[in-house]
Amino acid sequence: MASFIQLLVSGLATGAIYALIAVGFTLLWQTSQTINFAQGEFVMLPAFFVLAAMNAGAPFWLAALIGISLSVLILGILFKVVVVDPMLKYGVLPLVISTIALSLLLKESTKDFYSSQAQPFPALVPAVDVHVFDAVVSTQSLAVLAVAIVTVVSLNLLLNRTRLGRQMQATAQNATLARILGVPVRRMVLYTFLLNAVLVAIASILVSPIYLAKFTNGETLGMAAFIAAIVGGFNQVRGAILGGIILGVLDNLSAAYISSQYRGAFPLIVLIIVILLRPQGLLGRIEERSV
Amino acid sequence: MTRFGGILVAIAAVTAVAAPFFLKPFGIFLISTWAVLTIAAIGLNLTLGYAGQISLAQGAFVGIGAYTVALLTPAGMPFFVAFMAAGLLCFAIGWILGYPALRVQHHYLAFVTLAFTTLVFLVLRNEEWLTNGIYGITGTPRPNLLGWKTSGARDFYFLCLGTLTMLSLATWWMLRSPWGRAFLALRENPIRALSLGLDTRRYTLMAFAIGSSLGGLAGALYAPLVQFIEPNSFSFGLSFNLLLMVIVGGSGNFFGPFVGVLIAVLLPEWLRITQGYYLIAYAAAVMVILAFCPTGVLGLIERTRMLVRHKVTGMPPLTSGAGP
């Protein structure tokens, strides 16, 4: 039981990180039909921005801010203007391939220009074990959970309680209608890219103390985010959150109780089952097909 | 095919036959790789370019084919039998995996096939009793066919080229048949195809299964070509690359895979002068190519020819719907 609680908490922490990545992923999909295959690399990269800033002498909090700002600039604005905008008019597929190439570009650039070795990354809080009932839970997991919850709650407040957020949702649901009603659609689309950049930067800062900062981190993280988004529902922010948490918990529990060799397989099996039985995802709406 | 196209194909064919006599062993290895991967890319082009389904599983099928041959030939099975077995096995697996293709389309299918690729990778890595795990399988023998020993690099290249020729002729013939027309109808407008009485579900499955079996056949040649196979060769990377090759060449264009694979095989070699940075340059090059010609290199050539022709005749170029 004690180890179950331990696994559950660390699973929740992992899941919360997956959820942040998956939310950004679904936001991009909803507003601009961008399936970002480089999303994993987007999470890998900001950690290196932070490390570079710290090497230059900045304290951790400042480096984290610099990392987030660079992420917004490069993974938000630059990504949209240079990669997405020229490709979008050709449809989904060329853009998919382009983001695959981008993921390769980011991965190799990090390897060649920074380091191919895993880099230690400062934790948010000192690692102390806390005793909850009989279980030993690390403060790191709790801190990750806390930051992720705050992020998700503020995102929800932004999307549902502000004029800006409602305009963004209108853009996602029906861009044409939103434009007719006077929503600045293009700006809203840009904002979702910025939001995504902030989300991946936060995820990066949360995940890197656990996995170390390494150029290959994106592969597993990106895959996890895709699966989380599909399992939860591609067109729902809360679906992505649910999917991320299911995936993180499942990952940790199945590795401990069923088979660690096939750890990577369980999320995929869940993915296939969900797609077969409920292709719109657990919380998703069915999208209309047009002729 | 136009006369211009016919001349180009003839030149390409002569080059393909003559090339190994002028190349060093590594060059012959590269063009053999080209021939093998083109077979897999033709299969993917069938799934993607004609039936309109994004598959990220082609690399896994190449892997299944490669392992089939690497396991069967040392057990005493003649190469030809193992080769056919690889094709049939991948056809069957493609058929079974294709079932999700009926329920989901496009990007969802991309993820299902991505998941399949990972599962295949995990099985290849973990089931050591069968696949020797991460240590891989070395020394798959190159076959003797009717007294023709293909152990030499040049002989084996001709075996690959011959197989490529036969399989592409078969595909060409199939695309001209009612089946091929049905595949095209699936891509252009599945709902209209359905309302015209086409059994879209069966044709989609068929396209996917045939495409997969071509992947398996490519794998069957890949194992004796490189003589060392391990699970990592068949992870996402290969599937992504194959998809890239088809798109860069021009998906839905019969000759697209030939050009796309050629670029993908040669470009990294040419970019070696950039030393460690060649993968970066490669990725950047792909993004630039896609930004300027999303219909692939062949699409670009086609478009340029149209422009030139219309400039000569003084007619305005067609802007859309003029694809071949």
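Two strands are taken to pair if DSSP finds at least two bridges between them. In this predicted model, strand 1 (residues 129–132) and strand 2 (residues 135–138) of chain A are joined by four bridges and run antiparallel. Within this pairing, Asp129(A) lies opposite Ser138(A) of strand 2 of chain A, and Val130(A) faces Val137(A) of strand 2 of chain A. The hairpin formed by strand 1 and strand 2 of chain A has two residues between the strands, and Phe133(A) adopts a positive phi near 50° there.

The largest nonpolar core comprises 195 residues. Those that touch the most other members are Ile17(A), Ala19(A), Ile21(A), Ala228(A) and Ile230(A). Helix 8 of chain A (residues 185–211) contributes the most to this core, supplying 16 residues. For Ala228(A), contacts outside the neighbours within four places in sequence are made with Tyr18(A), Ala19(A) and Ala22(A), as well as with Ala240(A), Gly243(A), Gly244(A) and Leu247(A). Ala19(A) is thus named both among the core residues that touch the most other members and among the contacts of Ala228(A).

The contact between the chains draws 31 residues from chain A and 29 residues from chain B. On the side of chain A that touches chain B, at least two residues each are supplied by helix 3 (60–88), helix 4 (92–113), helix 9 (217–232) and helix 11 (265–277) of chain A. Helix 4 of chain A provides the largest share of that side, with 13 residues. By class, the side of chain A that touches chain B consists of 25 nonpolar, four polar and two charged residues.

Within chain B, the axes of helix 2 (residues 25–50) and helix 10 (residues 200–226) come within 8 Å and cross at roughly 170°. Because angles over 145 degrees count as roughly antiparallel, helix 2 of chain B is roughly antiparallel to helix 10 of chain B. Residues of helix 2 of chain B that make the contact include Ser32(B), Val36(B), Ile39(B), Gly43(B), Leu46(B) and Tyr50(B). From helix 10 of chain B, the participants include Ala207(B), Gly211(B), Leu214(B), Ala218(B), Leu221(B) and Leu225(B). The contact of helix 2 of chain B with helix 10 of chain B has 17 nonpolar and seven polar residues, and no charged residues.

Note on methods:
Residues numbered from 1 in each chain as written. Chains lettered and ligands numbered in written order. Predicted model: local features only at pLDDT ≥ 70, side-chain atom pairs only at ≥ 80, totals over all residues. Axes fitted to C-alpha atoms, helices over the stretch in contact; angles between N-to-C directions. Parallel < 35°, antiparallel > 145°, perpendicular 65-115°, else oblique. Contact = placed C-beta atoms within 7 Å. Nonpolar A, V, L, I, M, F, W, Y, C, P; charged D, E, K, R; others polar. Core = buried A, V, L, I, M, F, W, Y, C linked by C-beta atoms within 7 Å. Buried ≥ 20, exposed ≤ 12 C-beta atoms within 10 Å, placed from the backbone.
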